[in-house]
Amino acid sequence: STLPQPGSSLLLGIVLGVKENMDKTFFDDLRKTGTLHVIAASGMNVSMVGGFLFSVLTLFFKRQLATTLALMGIVFYAALAGFEPSIVRASIMGGLAFSAQILGRQNLPILTLFLVGFLMLFIDPPLLFDIGFQLSILATLGLITLKPLFDQRIRFDALTTTLSAQLATLPILLANFGSFSILSVFANALLLWTVPILMVFGGMGALFGIIVEPLAKPFLFLSLPFLIFFEGVVHIFAGWPGLLSIENFPAVLGVGYYLLLIS
């Protein structure tokens, strides 16, 4: 009620994953630009936010402290999303994978990720066919394995983070949603850095809104410039061609893609 539309719905989606009140036109623009995940409170979002926070924090702090702060950011995000089962699952998975980096073992995050995934499937085998679980595993794996390779050649952390996660999840997105924006990598690179900021401002606004409502408004107004920037980038990219649509994504093509990616 404090912010104008579609900014208020966008902030509500980023913070809590609530998108029922979002304008349909803006919702379609998010889908076209491949940025719909920011309002889905998904495992992929947890992984990308955790990876982005870690990338930024390592510029100012030692690796161990940066990892610890990134983990706190993941827990904070899970709390804002209401500790939904899918978010808790993704937060545990991403948190353990990132925490393994504190020990400085390059292969330990991968082993930890597979161990967590195995334990989850052992407890609930049908989880293997859950899209959120698949995106959580693959997005986190992409951040662990692909991002260091991109970081050696590209100095733009937001670009390497989103590129790693999207390359690792591309077949899953095509198989389940039938469309993928070719420009989504660039759109996400321009927008990803705003998500943690909006989560903090939105989270503080929600927290103070529960305690004393007038105290929430300054935090919400601070988020307004970032929301306007987000909306502007989405509208610009939504108007460009480049939406790849596939009605039936062959499984053998997905297997071949991942074999090439592994090699």
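**Exercise 1. Work out whether Thr 194 is buried or exposed, then find where Thr 194 sits and what surrounds it.**

Start with the relative accessible area: for Thr 194 it is 0%. The cut-off for buried is under 20%, so Thr 194 counts as buried. Keep in mind that we're working with a predicted model here.

Next, look for its place in the chain: Thr 194 belongs to helix H11. Now check the neighbours, skipping residues up to four places away in sequence: Thr 194 touches Phe 226, Phe 229 and Phe 230.

**Exercise 2. Describe helix H11: how many residues does it have, and which of them are buried?**

Helix H11 covers residues 194–211, which makes 18 residues. From first C-alpha to last it reaches 26 Å, close to the 26 Å expected at 1.5 Å a residue.

For the buried residues, go along the helix: you'll meet Thr 194, Val 195, Pro 196, Leu 198, Met 199, Phe 201, Gly 202, Gly 203 and Gly 205.

**Exercise 3. Find out why helix H7 is described as largely enclosed by the rest of the structure.**

First, get the helix in view. H7 runs over residues 131–145, has 15 residues and spans 21 Å between its end C-alpha atoms, close to the expected 21 Å.

Then count: 11 of the 15 residues of H7 are buried, and that's why H7 is largely enclosed by the rest of the structure. Among the buried ones are Phe 133, Leu 135, Ile 137, Leu 138 and Leu 143. Gln 134, Ser 136 and Thr 140 are on the buried list too.

Last, check the start of H7. There, a side-chain oxygen of Asp 130 comes to within 2.9 Å of the backbone nitrogen of Phe 133.

**Exercise 4. Decide what kind of aromatic pair Trp 193 and Phe 226 form, and which parts of the chain the pair links.**

A quick reminder before the numbers: a pair of aromatic rings is described by the distance of the centres and the angle of the planes.

The count of aromatic pairs in this model comes to 6. For Trp 193 and Phe 226, the centres are 5.9 Å apart and the planes meet at 75 degrees. Planes over 60 degrees apart count as edge-to-face, and that is the label this pair gets.

Now place the two residues. Trp 193 is in the loop between helix H10 (184–191) and H11, while Phe 226 is in helix H12 (residues 213–238). They are 33 residues apart, so the pair links distant parts of the chain.

How covered are they? Trp 193 is partly exposed, with 31% relative accessible area, and Phe 226 is partly exposed as well, at 21%.

Another pair to try is Tyr 257 with Tyr 258: their ring centres are 5.5 Å apart and their planes stand at 80 degrees, so this pair is edge-to-face. Tyr 257 is partly exposed, at 22%.

To finish, zoom out a little: Trp 193, Phe 201, Phe 226 and Phe 229 form one aromatic cluster.

**Exercise 5. Locate Val 116 and say which residues it touches.**

Val 116 lies in helix H6 (residues 108–123). Its relative accessibility is 7%, so Val 116 counts as buried.

Leaving out residues up to four places away in sequence, Val 116 touches Met 93 and Leu 96. Val 116 and Met 93 are 23 residues apart along the chain, and their C-alpha atoms are separated by 6.2 Å.

**Exercise 6. Sum up the chain: how many helices and strands does it have, and what share of its residues is buried?**

The chain has 13 helices and 2 strands. Of its 263 residues, 49% count as buried.

Note on methods:
Residues numbered from 1 in each chain as written. Predicted model: local features only at pLDDT ≥ 70, side-chain atom pairs only at ≥ 80, totals over all residues. Heavy atoms only, no water. Helix = DSSP H or I, 4+ residues; strand = E, 2+ residues; numbered from the N terminus. Expected span 1.5 Å × (residues − 1). Buried < 20%, exposed > 50% of the residue type's maximum accessible area, 1.4 Å probe, protein only. Polar contact = N/O pair within 3.5 Å; in protein donor to acceptor, adjacent residues only side chain to side chain. Contact = heavy atoms within 4.5 Å. Phe/Tyr/Trp six-rings, centres within 6.5 Å; stacked < 30°, edge-to-face > 60°.
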